Amino acid sequence: MARFVIDEDMPRSTRVALVGEGHAVKDVRDHGYRGACDEEIYRFAQEEKAILLTGDLGFGNILRFPLGKHFGIVVARFPTEMAPKEMNREIVTSLGDLTETDFKGNLIILEPGRIRIRRASL
């Protein structure tokens with residue numbers, strides 16, 4: 001299973017849902033990174049050798065967070081009115097369809113019923 005760092009803009013229940021699927025998950029709020037800048041969150045995920053799961057579109061900026069230089073960034077783009085339980089179900093299902101090579105160095109955008117992967121060039 002995969003290792004994830006969850007940004008503070010994700011529901012706390014997302015960690016529980018992913019742990020329930022066998023993933024190792026750390027929430028930035030539990031590790032002193034509440035309110036930290038994007039670079040600090042990114043650095044923490046890299047130190048943990050983990051995929052960053054966030055709702056922050058800033059992490060989709062490949063100039064700031066270059067493809068091929070990280071363990072994976074997943075940006076979850078779901079409507080704010082979507083219930084956390086439903087969002088977590090979509091996230092778990094989508095992530096379950098991906099392999100380790102889909103994550104490593106790549107930017108993944110999750111939307112309801114859709115997965116987009118921006119791959120690092122080889």
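Okay, so which residues in the largest nonpolar core touch the most other members? Keep in mind that this is a predicted model. The core has 20 residues, and the ones touching the most other members are F4, L18, L53, V74, I91, L95 and F103. As for where the core comes from, β1, β3, β4, α3 and β5 each put in at least two residues. Helix α3, residues 84–96, gives the largest share, with four.

Let's stay with L18 for a moment. Leaving out residues up to four places away in sequence, L18 touches F4, I6, H23, V25, L53, V92 and L95.

There's also a second core, separate from that one, with 16 residues. Y33, I41, V75 and I109 are among them.

That I41 takes us to helix α2, which runs over residues 38–47. Here D38, I41, Y42, F44, A45 and Q46 are buried. Now, a quick reminder about helices: an α-helix has 3.6 residues a turn, so residues three or four places apart point the same way. Back to our model: what covers the buried residues of α2? The cover includes four strands: β1 (3–6), β2 (24–27), β3 (51–54) and β4 (73–76). After α2 you come to K49, and its phi is positive, near 50°.

Last stop, the hairpin. Strands β5, residues 107–111, and β6, residues 114–118, pair in the antiparallel sense, with five bridges. If you want a place to start looking, find L107, which sits opposite R118 in β6. There are two residues between the strands, and in this hairpin G113 has a positive phi near 70°.

Methods:
Residues are numbered from 1 along each chain as its sequence is written. This is a predicted model: local features need pLDDT of at least 70, side-chain atom pairs count only at pLDDT 80 or more; totals for chains, interfaces and linings use all residues. Side-chain values use heavy atoms; hydrogens and water are left out. Two strands pair if DSSP finds at least two bridges between them. Buried means under 20% relative accessible area, exposed over 50%, partly exposed in between (1.4 Å probe, protein chains only). Contact means heavy atoms within 4.5 Å. A nonpolar core is a set of buried Ala, Val, Leu, Ile, Met, Phe, Trp, Tyr and Cys residues joined through side-chain atoms within 4.5 Å.
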